[in-house]
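Hello,

I am passing a structure on to you, since you have not worked with it before. Please have a look at it first, and then read my notes underneath.

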Amino acid sequence: MAVLEISDLVVEWDALTGERVPVRRADVVARLHAAGDRRAARIVQRMPVAGEFLDPVAMDKLLVRVHTELQRLNEELHMAQRFAELLVPLLTAIRASTSRLRVVDIGCGLGFMVRSLAASGVLGADVELVGVDFNRALIAEATRLAEDERLPCTFLSANAFALTEDATVYLSSGVLHHFAADKLPEFFRAQDRAGTQAFIHYDIAATRLAPLGAWLFHRARMREPLGRHDGVASALRAHDDTVLLSAVEAAAGMDAFLFEPSIHTNPFCAAMRPVVGLRPALVDNFRHALGRRARGLVAG
């Protein structure tokens with residue numbers, strides 16, 4: 001049976017208009033029961049409703065709390081540093097051919113990655129940093145945090161592929177497993193755009209120990225039952241290297257790589273690893289800029 005994440009079910013957005021769609025609690029509970037996940041069904045059954053629909057205000061507050069806890073996990077996993085490790089040499093390679101540098105984080109949540117990169121200034125003042133998410137409550141909180149921290153970055157509630165300007169580089173963290181395997185090619189194909197030079201997508205490494213590690217980590221670090229449940233579900237849904245590299249082929253204008261793929265690393269440590277897409281003309285310069293770390297870049 002399919003593994004479902006509660007956070008994917010309790011809010012819904014119209015992909016074309018961006019408007020919120022009411023979610024009937026009984027429907028979510030029924031889907032979780034059909035998937036054999038009684039624990040998740042009990043969690044949703046306790047969520048507040050307005051009439052027969054999940055209370056949107058309560059759902060927004062819940063998801064902000066969960067994403068705040070996820071931000072702590074990202075800090076512990078040094079995710080901003082991991083992205084910077086690849087982005088700094090990548091942007092060095094791109095600067096050789098273009099002065100336009102726009103980095104867009106897809107499904108940014110509270111914007112931890114964008115805000116961290118903006119705060120560090122590690123990418124340079126010439127790089128525009130944008131976070132995009134359908135969830136307006138998360139974007140509002142990300143914007144508030146960035147304004148309080150006086151950071152040079154922008155957050156938008158929108159479809160990342162329907163913005164007025166393409167990204168030079170697309171990013172995501174923990175997004176890929178939210179797509180079914182047969183939907184991943186469409187996701188990667190959408191990034192093979194005229195103005196786009198590369199993408200970096202970090203997600204959970206699909207090792208045999210990943211679900212156990214996720215259970216231990218989320219049990220120790222997260223308080224919200226939704227977050228604890230979805231942390232393990234995410235690990236169970238993670239795509240293996242074969243699925244990812246096959247899907248990346250849909251971005252025909254990009255060369256695909258895994259960076260430190262799970263087969264080359266200690267399974268106890270391979271919590272997150274990225275799939276990287278580059279325009280062929282960038283590959284040699286990127287490897288050179290990456291230095292010794294280029295040994296971890298494995299072609300698909």
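Below is what I found, starting with the sheet and moving on to the helices.

Please keep in mind that this is a predicted model. The sheet is open and has eight strands, which follow one another in the order β5-β4-β3-β6-β7-β9-β8-β10, with mixed pairing. At its edges are β5 (154-157) and β10 (297-299), each of which pairs on one side only. On average, neighbouring strands are turned by 25° against each other, direction ignored.

One pair to look at is β3 (residues 102-106) with β4 (residues 128-133): the two strands run parallel and are joined by five bridges. Here you will find Arg102 opposite Glu128 in β4.

Two helices that pack on the sheet are worth finding next. Helix α6 (residues 112-120) touches β3, β4, β5 and β6 (169-173), and its direction makes about 165° with that of β4. Helix α11 (residues 241-248) touches β7 (198-204), β8 (255-259) and β9 (272-278), with about 155° between its direction and that of β8.

Finally, there is a helix pair. The axes of α4 (residues 56-76) and α7 (residues 136-148) come within 9 Å and cross at roughly 55°, so the two helices are oblique to each other. The crossing is right-handed. On the α4 side the contact is made by Asp60, Leu63, Val64 and His67, and on the α7 side by Ala137, Leu138 and Glu141. Of these contact residues, four are nonpolar, one is polar and two are charged.

Enjoy exploring it, and best wishes!

How values were computed
Residues are numbered from 1 along each chain as its sequence is written. This is a predicted model: local features need pLDDT of at least 70, side-chain atom pairs count only at pLDDT 80 or more; totals for chains, interfaces and linings use all residues. Side-chain values use heavy atoms; hydrogens and water are left out. Axes are lines fitted to C-alpha atoms, for helices over the stretch in contact, and angles run from 0 to 180 degrees between N-to-C directions. Helices (H or I, at least four residues) and strands (E, at least two) are DSSP runs, numbered from the N terminus. Angles under 35 degrees count as roughly parallel, over 145 as roughly antiparallel, 65 to 115 as roughly perpendicular and the rest as oblique. A crossing is left-handed if the near helix is turned anticlockwise from the far one by less than a right angle, and right-handed if clockwise. Contact means heavy atoms within 4.5 Å. Ala, Val, Leu, Ile, Met, Phe, Trp, Tyr, Cys and Pro count as nonpolar, Asp, Glu, Lys and Arg as charged, and the others, Gly among them, as polar. Two strands pair if DSSP finds at least two bridges between them.
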